[in-house]
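Trainee: I've just been handed this one and I don't know where to start. Could you walk me through it?

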Amino acid sequence: MALDRNDKNELMRTFEAFAESRDSALRDQLIEAHLGLAEYLARRFANRGEPLDDLVQVASLGLVKAVERFDPARGLEFTTFATPTIVGELKRHFRDKGWAVRVPRRVQELHLRVTKVIDDLSLEMGRSPLIPEIAQRAGITEDEVIEAIDAGSAYRSASLDAGRSDDEESPGLLGQLGDLDPELASAERRAALGPLIGALPEREQVMLYLRFYEGMTQSEIAKHLGISQMHVSRLLARSLQQLRELAEDAS
Amino acid sequence: MHGEEVRLTMPAIPQLLRVARLTAAGLAGRLGFNFDEIEDVKIAVDELCFALVGTKGRDGDLTVVYRLLDDALEIEGSGTFTTDAPNPVPSELSAQILAAVVDEHELQREGAEVRFWLRKQRVAS
């Protein structure tokens, strides 16, 4: 990726020209010249459960943003400027996917498999399944089940506004909330739950309300909202974590 | 498995709470708790350990003792921290959460020592 001085100077001139004209041909040229950087950074996030191709795409998107925002007049090297933008984009990708960066792929796959099994069994049996039942259906050991359900906690680093689900079986939360009793959305509830909870996204407030004030179980909430039980579990865990942090900050 | 006891001692930092939670989940599974109940235990362990450790951690060790009873799991956590820990008085919300997920719980502080205790009964047959 090392560029010699001439290349660098030429790139800098192209950046200046682009800053002036916002010409999309120049922009494309600049993006192309730095695709290597995007790929290089994408590789650093490889082996974390996402296909490299996807990561390169995400990194390229970050690169596009960086090219558009770069101001050559500030005298910064483009790579210095672009790297945090691209890495930020990659991190956001992992976060929006719901996975903290360090969950090994094997556990992620187990987690997804186990989530599905839990939902299936809950439906079939009309109750929350036992670990041996989950293990048997999923064809894995009980320890693996424990590990897999705990992997849901890795979702904690998900962004506040994520809450979407990538599997087709369980549609995103937002779309589900329309069916809720409108009373739940009232200011009364917010007052009852306190100002800290008010800081959480609406859908998480509803979940906390259902879980801790209405006393619904996670499976009941899952059914109510039409999402997977595991999704409820990790959203709740995340909300609680956030509340604790807010509470500690406040004290 | 009546009376089996598992002890875990670790630095009181939030990054290690996962270990406490995972252990709780593993043992609850061993006691025949169902998925919902296990999630409840994990929430309670998180909530209470957090009260001891906080977001930034404390200087000192956190010890968690898990007792496997015939139809219940008891978890006791304690630590003596050299740094001045905020008083771990559970907020009303925290108490509400704990009441919803476990059968009994308490959180105490005596001098530099903070301690919690919880009990989760198995309901599933």
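Mentor: Let's jump straight in at two strands of chain B: β3(B) and β5 (residues 113-121) run antiparallel, joined by nine bridges. Keep in mind that this is a predicted model.

Trainee: Okay, so which residue in β5(B) stands opposite Ser78(B)?

Mentor: Strand β3 of chain B covers residues 72-80, and Ser78(B) belongs to its uncovered face. Look across to β5(B), and the residue opposite Ser78(B) is Arg115(B).

Trainee: And on the β2(B) side, which residue stands opposite Ser78(B)?

Mentor: Strand β2 (residues 61-68) pairs with β3(B) in the antiparallel sense, over seven bridges. A hairpin of three residues joins the two strands. The residue opposite Ser78(B) on that side is Thr63(B).

Trainee: Which residues make up the covered face of β3(B)?

Mentor: Sort the strand into its two faces. Ala72(B), Glu74(B), Glu76(B), Ser78(B) and Thr80(B) make up the uncovered one. The covered face has Leu73(B), Ile75(B), Gly77(B) and Gly79(B).

Trainee: In what order do the strands of the chain B sheet sit?

Mentor: Along the chain, the elements run β-α-α-β-β-α-β-β from the N terminus, which gives three helices and five strands. In the sheet, β3(B) pairs with β2(B) and also with β5(B). The five strands form an open sheet with antiparallel pairing, in the order β1-β2-β3-β5-β4.

Trainee: Then which strands have one side left without a neighbour in the sheet?

Mentor: Look for strands with a single partner, because such a strand stands at an edge and one of its sides has no neighbour in the sheet. In chain B those are β1 (4-11) and β4 (104-110).

Trainee: Who is the bridge partner of Glu5(B) in β2(B)?

Mentor: β1(B) and β2(B) pair over eight bridges, in the antiparallel sense. In β2(B), the partner of Glu5(B) is Arg67(B).

Trainee: What angle does α2(B) make with β5(B)?

Mentor: α2(B) packs on the sheet, where it touches β2, β3, β4 and β5 of chain B. Comparing its direction with that of β5(B) gives about 170°.

Trainee: Which element gives the most to the side of chain B that touches chain A?

Mentor: The contact involves 24 residues of chain B and 29 of chain A. On the chain B side, α1 (17-30), α2 (35-53) and α3 (92-101) each supply at least two residues. With seven residues, the biggest giver is α2(B).

Trainee: How many residues on that side of chain B are nonpolar?

Mentor: Split that side by class. Eight of its residues are polar and six are charged. The nonpolar ones number 10.

Trainee: Which element gives the most to the largest nonpolar core?

Mentor: That core has 67 residues, and those touching the most other members include Ile134(A), Val145(A), Val41(B) and Ala44(B). With 12 residues, the element giving the most is α2(B).

Trainee: How many residues are in the other core, the one with Leu30(A) and Phe45(A)?

Mentor: This core lies apart from the largest one. Leu41(A) and Ala82(A) are also among its members. Its size is 19 residues.

Trainee: Is Leu235(A) buried or exposed?

Mentor: Leu235(A) sits in helix α12 (residues 229-250) of chain A. A residue needs 20 or more other C-beta atoms within 10 Å to count as buried. Since Leu235(A) has 28 C-beta neighbours inside 10 Å, it is buried.

Trainee: And what separates the C-alpha atoms of Leu235(A) and Met207(A)?

Mentor: Along the chain, the two residues are 28 residues apart. Between their C-alpha atoms, the separation is 8.3 Å.

Trainee: Last one: which element of chain B has the lowest mean pLDDT?

Mentor: Chain B as a whole has a mean pLDDT of 84, with 88% of its residues at 70 or more. For the complex, the predictor gives an ipTM of 0.70 and a pTM of 0.52. Among the elements of chain B, β2(B) has the highest mean, 95, while the lowest, 75, belongs to α3(B).

Terms used: Residues are numbered from 1 along each chain as its sequence is written. Chains are lettered from A and ligands numbered from 1 in the order in which they are written. This is a predicted model: local features need pLDDT of at least 70, side-chain atom pairs count only at pLDDT 80 or more; totals for chains, interfaces and linings use all residues. Two residues are in contact if their C-beta atoms, placed from the backbone, lie within 7 Å. Helices (H or I, at least four residues) and strands (E, at least two) are DSSP runs, numbered from the N terminus. Ala, Val, Leu, Ile, Met, Phe, Trp, Tyr, Cys and Pro count as nonpolar, Asp, Glu, Lys and Arg as charged, and the others, Gly among them, as polar. A nonpolar core is a set of buried Ala, Val, Leu, Ile, Met, Phe, Trp, Tyr and Cys residues joined through C-beta atoms within 7 Å. A residue is buried if 20 or more other C-beta atoms lie within 10 Å of its own, exposed if 12 or fewer, and partly exposed in between; C-beta atoms are placed from the backbone. Two strands pair if DSSP finds at least two bridges between them. Axes are lines fitted to C-alpha atoms, for helices over the stretch in contact, and angles run from 0 to 180 degrees between N-to-C directions. pLDDT is the predictor's confidence in each residue, from 0 to 100.
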